[in-house]
Every structure is written in structure tokens, then in C-alpha cells.
Amino acid sequence: VITFEDNVTSIGKYAFALTTIESIVLPNTTQSIANNVFYKCENLHTIYIPEKVTEIPKNAFAYSALKNIKLAPTTTHIDEHAFWYSSIASILLPGTVENIGAYAFTYSGLKELYIQCTTPPDLGSMAFSGTDDSLVIYVPIGYEDVYKNHSRWTQYKDKIKGFNFNN
């Protein structure tokens, strides 16, 4: 496990790309992570994203072995290719997410996507292409039709199901 001093506020481009790290704990002082920061970390399986980090940048976890991620409850953007070809199987997006970029989860291991947003986030093209056919997108109960009828989400209407996030 890699840990940091508490005065770190940002992690730069390619900081851990192509390394053999398995787990990382970013300090609560971290405010941003840069593009490609964990690109091709083929052993990385767990990370916690601190509350001040609001964006998961381009290619942040592309081609990683990431299995567990806890996003900050303040996350607003999942940029393009963020989890492209990653091993992530399940992820919870907080109700603050406004945008999921193009190809964000393309060819990932994603099987369960939990979205706490009552307003569907803007969705980039092919955000979930190449994911498992059994992908289920869980949205708050009572908002299923909002997602199913939204122009960017309608293509996934057969995968959208209601979920009680209050339990």
C-alpha cells in the first residue's frame, strides 16, 4: 500500500502509470488527479478517492486491474476513457455526477453500475460499449423512466432497473 504525506494536493500525469502498485490511499488533502495517473497499472486493485477530488480524468484507470474504487461523494465528472479496458466490475456513482464521458467504461469488466443521480448525467458516446451483456444500471426507484426516456440513456433502457439507495 502506498501512502502519502498529508500536504499532497495533486497527483500528476502518469505518476503511477505502468507501475506494479496494488493498492493506494490518497491523502484527504488531494484535490486533483491528472490524466493517465494510473494508466496500465495491471496490479492495482483498490483505491479510495478523497472528497476534494471531483473529477476522474481521462484514462485515469485505463487498462488497470482495478476491482474496488470508492469515489468521493462530491464527484461530478467521469471523463472519457476513465475506466477504458479496466477490470472494474461494479461502481457506485454519487448523486453529484453530472457527466460520464465518451468511452468511459468501454471494454471494462463493468457488470453493475449504481447511479444515485435523480437527473440522468450527460452521457458521452459509447460510454458502456463492449461491457458485459449482463450489465445492469441501477438508478433510484421511481426514476427508471426518467433514464429510459432520456435521449442519451434510452439505448440502455433494457439494462436500467430501480434500486433503493436508502437501505
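These are my notebook entries on a predicted model, kept in the order in which I looked things up.

**Ground rules.** I number residues from 1 along each chain as its sequence is written, and I use heavy atoms for side-chain values, leaving out hydrogens and water. Since the model is predicted, I ask for pLDDT of at least 70 for local features and count side-chain atom pairs only at pLDDT 80 or more, while totals for chains, interfaces and linings use all residues.

**Overall form.** I looked up the secondary structure, taking helices (H or I, at least four residues) and strands (E, at least two) as DSSP runs numbered from the N terminus, and I found one helix and 13 strands in the protein. Along the sequence the pattern reads β-β-β-β-β-β-β-β-β-β-β-β-α-β. The C-alpha trace spans about 45 × 30 × 25 Å along its principal axes. I then checked the radius of gyration, taken over C-alpha atoms, against the globule rule of 2.2 Å times the number of residues to the power 0.38; for 167 residues a compact globule would come near 15 Å, and the protein has 15 Å, which agrees.

**Surface and contacts.** For accessible areas I used the Shrake-Rupley method with a 1.4 Å probe, with only the protein chains shown counting as cover for residues. The protein exposes about 8100 Å², of which carbon and sulfur atoms supply 46%. I call a residue buried under 20% relative accessible area, exposed over 50%, and partly exposed in between (1.4 Å probe, protein chains only), and on that scale buried residues make up 47% of the 167 residues. With contact meaning heavy atoms within 4.5 Å, I noted that 22% of the contacts between residues at least 6 apart in sequence join residues at least 24 apart.

**The three-stranded sheet.** I count two strands as paired if DSSP finds at least two bridges between them. One open sheet has three strands in the order E2-E4-E6, with parallel pairing. Strand E2 (23-25) and strand E6 (68-70) stand at its edges with a single partner strand each, so one side of each is left without a neighbour in the sheet. For the turn between strands I fitted lines to C-alpha atoms as axes (for helices over the stretch in contact), with angles from 0 to 180 degrees between N-to-C directions; neighbouring strands here are turned by 5 degrees against each other on average, direction ignored. Strand E4 (residues 46-48) and E6 pair in the parallel sense over three bridges, and Ile47 stands opposite Ile69 in E6.

**The four-stranded sheet.** Another open sheet has four strands in the order E8-E10-E12-E13, with parallel pairing. Its edge strands are strand E8 (90-93) and strand E13 (160-163), each of which pairs on one side only. The average turn between neighbouring strands of this sheet is 20 degrees, direction ignored. I followed E8 to strand E10 (residues 112-115), with which it pairs in the parallel sense over four bridges. Ile91 has Leu113 as its bridge partner in E10, and Leu93 stands opposite Ile115. Ile91 and Leu93 form the covered face of E8, whereas Ser90 and Leu92 form the uncovered one. I set beside this the general expectation that side chains in a regular strand alternate between the two faces of the sheet.

**Loop residues.** I next looked for unusual backbone angles, bearing in mind that most residues other than glycine have a negative phi. Asn59, in the loop between strand E5 (55-56) and E6, has a positive phi near 60 degrees, and Asn59 is buried at a relative accessible area of 14%. Met126, in the loop between E11 and E12, has a positive phi near 55 degrees, but Met126 is partly exposed at 42%. Ser129 also lies in the loop between strand E11 (122-123) and strand E12 (136-140). Ser129 counts as buried at 18% relative accessibility; leaving aside its neighbours within four places in sequence, I found Ser129 in contact with Phe105, Thr106, Tyr107 and Tyr156.

**Cysteines.** Finally I searched for disulfides, meaning a pair of cysteine sulfur atoms within 2.5 Å, and the count by this rule came to zero. Cys41 is buried with a relative accessible area of 0%, and Cys117 is buried as well, at 2%.
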